[in-house]
Amino acid sequence: MRIIVLLLIILELSFAQKLALVIGNSNYAKGYLANPINDAKLIAKTLREVGFTVTVKKDLKTKTAMENAINTFAKTVSTSDTVAIYYSGHGVQYNGNDYLMPTNANIAKKGQLPSVSLDVNFLLGGVSDAKLAIIMLDACRNNPYRSFIRGIPKGLGQASVTVDGGMIISYATEANQIANDGNGANSPYALALATYIKTSDPIETVFRKVRGEVSRRTDKEQKPMSKMLFDGEFSFMARHVPPPKPIVVVDPPIPKPVYVPQPVPVVSKPKTNSSKNTVSINNLTYQNQPFTKRYSWQQAKDYCEDLTLDGHSDWR
């Protein structure tokens with residue numbers, strides 16, 4: 001059973017993906033915004049650099065176009081995936097719900113808002129079963145409809161959502177406040193995200209630093225907020241820890257025998273003595289006489305002790 005469970009965990013990890021959907025709506029028929037497309041390009045590039053596969057959508061004109069983009073993306077998401085969604089453009093709060101505005105939204109009265117704009121809950125629900133869904137809403141810019149439609153609060157509220165996996169929702173500013181589109185090419189929120197996403201900080205630290213950076217850049221007029229519905233651990237750019245090398249225990253090799261050649265004794269040529277009864281080899285004198293009789297050890301000793309030959313009686 002343990003082997004099967006381990007195999008399932010390995011298979012889940014091997015198929016886990018890091019997927020991102022980035023939407024930038026700039027060219028509004030009413031309330032043109034200069035930076036959302038620039039912001040979308042910046043965040044898409046940043047997410048790719050930390051390993052996400054990114055889908056980018058620009059200037060989605062209708063609610064249907066936004067729904068189709070989200071649904072197409074949501075179909076690729078599984079319960080083992082980490083998902084990042086960034087939206088830059090107009091957002092409107094109405095009757096306690098938040099709405100993201102397509103570029104061609106055309107309304108005359110506030111009651112029409114739900115019909116022509118995308119409910120944030122539609123976006124959240126599409127990825128609520130991911131292992132972790134990171135939602136970044138840079139969508140609290142000045143409401144283009146407030147000049148002629150009364151009773152619409154500033155900015156966005158705080159979405160209520162039920163998730164099966166984990167979710168973190170980051171807003172470019174606090175509830176009911178206005179976010180800055182930026183004086184340069186990007187919004188302050190997008191610039192801060194691009195900086196801190198490319199760190200190995202825990203994700204809660206990333207959004208805390210984003211809040212501090214945006215607050216500093218806007219002289220404390222804009223303070224991003226985050227809602228954490230996640231009890232795990234995640235960092236956009238995790239430190240790469242190489243797996244430990246396997247320890248291989250090898251028996252010490254059996255040393256091969258080393259052949260050491262032994263010195264070959266030098267044997268001088270036998271020299272027969274003058275009496276011919278003895279012969280000398282290497283300064284040793286031997287009896288020069290063949291033996292036809294077999295001797296026991298004791299008989300041989302007795303023979304040598306009794307032998308006198310060439311003037312020598314100390315034979316052995």
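In this predicted model, the buried residues of helix α3 pack against the strands β1 (18–24), β2 (53–58), β3 (82–88), β5 (97–100) and β6 (118–119), and also against helix α5 (120–126). The residues of α3 that are buried are M66, A69, I70, F73 and A74. They cover an arc of only 130° around the axis, which places them on the same side of α3. The helix itself runs over residues 63–74, and its twelve residues reach 16 Å from the first C-alpha to the last, close to the 16 Å expected at 1.5 Å a residue.

**Nonpolar cores**

Helix α3 also appears in the description of the largest nonpolar core, to which α3 gives the most, with four residues. That core has 35 residues, and those with the most contacts inside it are F73, I85, Y87, L100, V127, I135 and L137. The elements that give two or more residues to this core are the strands β1, β3, β4 (91–94), β5, β7 (132–138) and β8 (167–171), together with the helices α3 and α5. Leaving aside neighbours within four places in sequence, I85 is in contact with L21, F73, L123, V127, I134, I135 and M136. A second, separate core has 31 residues, and among them are I43, A84, M136 and I168. As a general background to such groupings, nonpolar side chains in soluble globular proteins tend to be buried together.

**Aromatic pairs**

How many aromatic pairs does a search of the whole structure find? The search finds three, and two of them are described here. The rings of F52 and F236 have their centres 6.3 Å apart and their planes at 50°, so this pair is tilted. The pair links distant parts of the chain, since F52 lies in the loop between α2 (36–49) and β2 whereas F236 lies in the loop between β9 (225–229) and β10 (271–272), 184 residues apart. The pair of F234 and F236, by contrast, is edge-to-face, with 5.5 Å from centre to centre and 75° between the planes. F52, F234 and F236 together form one aromatic cluster. Both F52 and F236 are buried; for F236 the relative accessible area is 1%. F234 is buried as well, with a relative accessible area of 16%, a value that falls under the 20% limit for a buried residue.

**Open sheets**

Two open sheets of three strands can be described in turn. One has the order β4-β5-β6, with antiparallel pairing. Its edge strands are β4 and β6, each of which pairs on one side only. Two bridges join β5 to β6, and these strands run antiparallel; the bridge partner of Y99 in β6 is D119.

The other open sheet has its three strands in the order β10-β11-β12, again with antiparallel pairing. β10 and β12 (284–287) stand at the edges with a single partner strand each, so one side of each is left without a neighbour in the sheet. Strand β11 (residues 278–281) is joined to β10 by two bridges, the two strands running antiparallel, and T272 stands opposite V279 in β11.

**Loop residues**

Which loop holds N282? N282 lies in the loop between β11 and β12. The C-alpha atoms of N282 and P270 are separated by 8.1 Å, the two residues being twelve apart along the chain. Two further loop residues, N95 and K220, have a positive phi although neither is glycine, with values near 50° for N95 and near 70° for K220. N95 is found in the loop between β4 and β5, and K220 in the loop between α7 (203–217) and β9. The table gives the accessibility of the three loop residues.

| Residue | Relative accessible area | Class |
|---|---|---|
| N95 | 65% | exposed |
| K220 | 63% | exposed |
| N282 | 38% | partly exposed |

N95 and K220 count as exposed because their values, 65% and 63%, are over the 50% limit, whereas N282, at 38%, is partly exposed.

Conventions. Residues are numbered from 1 along each chain as its sequence is written. This is a predicted model: local features need pLDDT of at least 70, side-chain atom pairs count only at pLDDT 80 or more; totals for chains, interfaces and linings use all residues. Side-chain values use heavy atoms; hydrogens and water are left out. The expected span of a helix is 1.5 Å times one less than its number of residues. Buried means under 20% relative accessible area, exposed over 50%, partly exposed in between (1.4 Å probe, protein chains only). The arc is that of the directions from the helix axis to the C-beta atoms. Contact means heavy atoms within 4.5 Å. Rings of Phe, Tyr and Trp (its six-membered ring) pair if their centres lie within 6.5 Å; planes under 30 degrees apart count as stacked, over 60 as edge-to-face and the rest as tilted. A nonpolar core is a set of buried Ala, Val, Leu, Ile, Met, Phe, Trp, Tyr and Cys residues joined through side-chain atoms within 4.5 Å. Two strands pair if DSSP finds at least two bridges between them.
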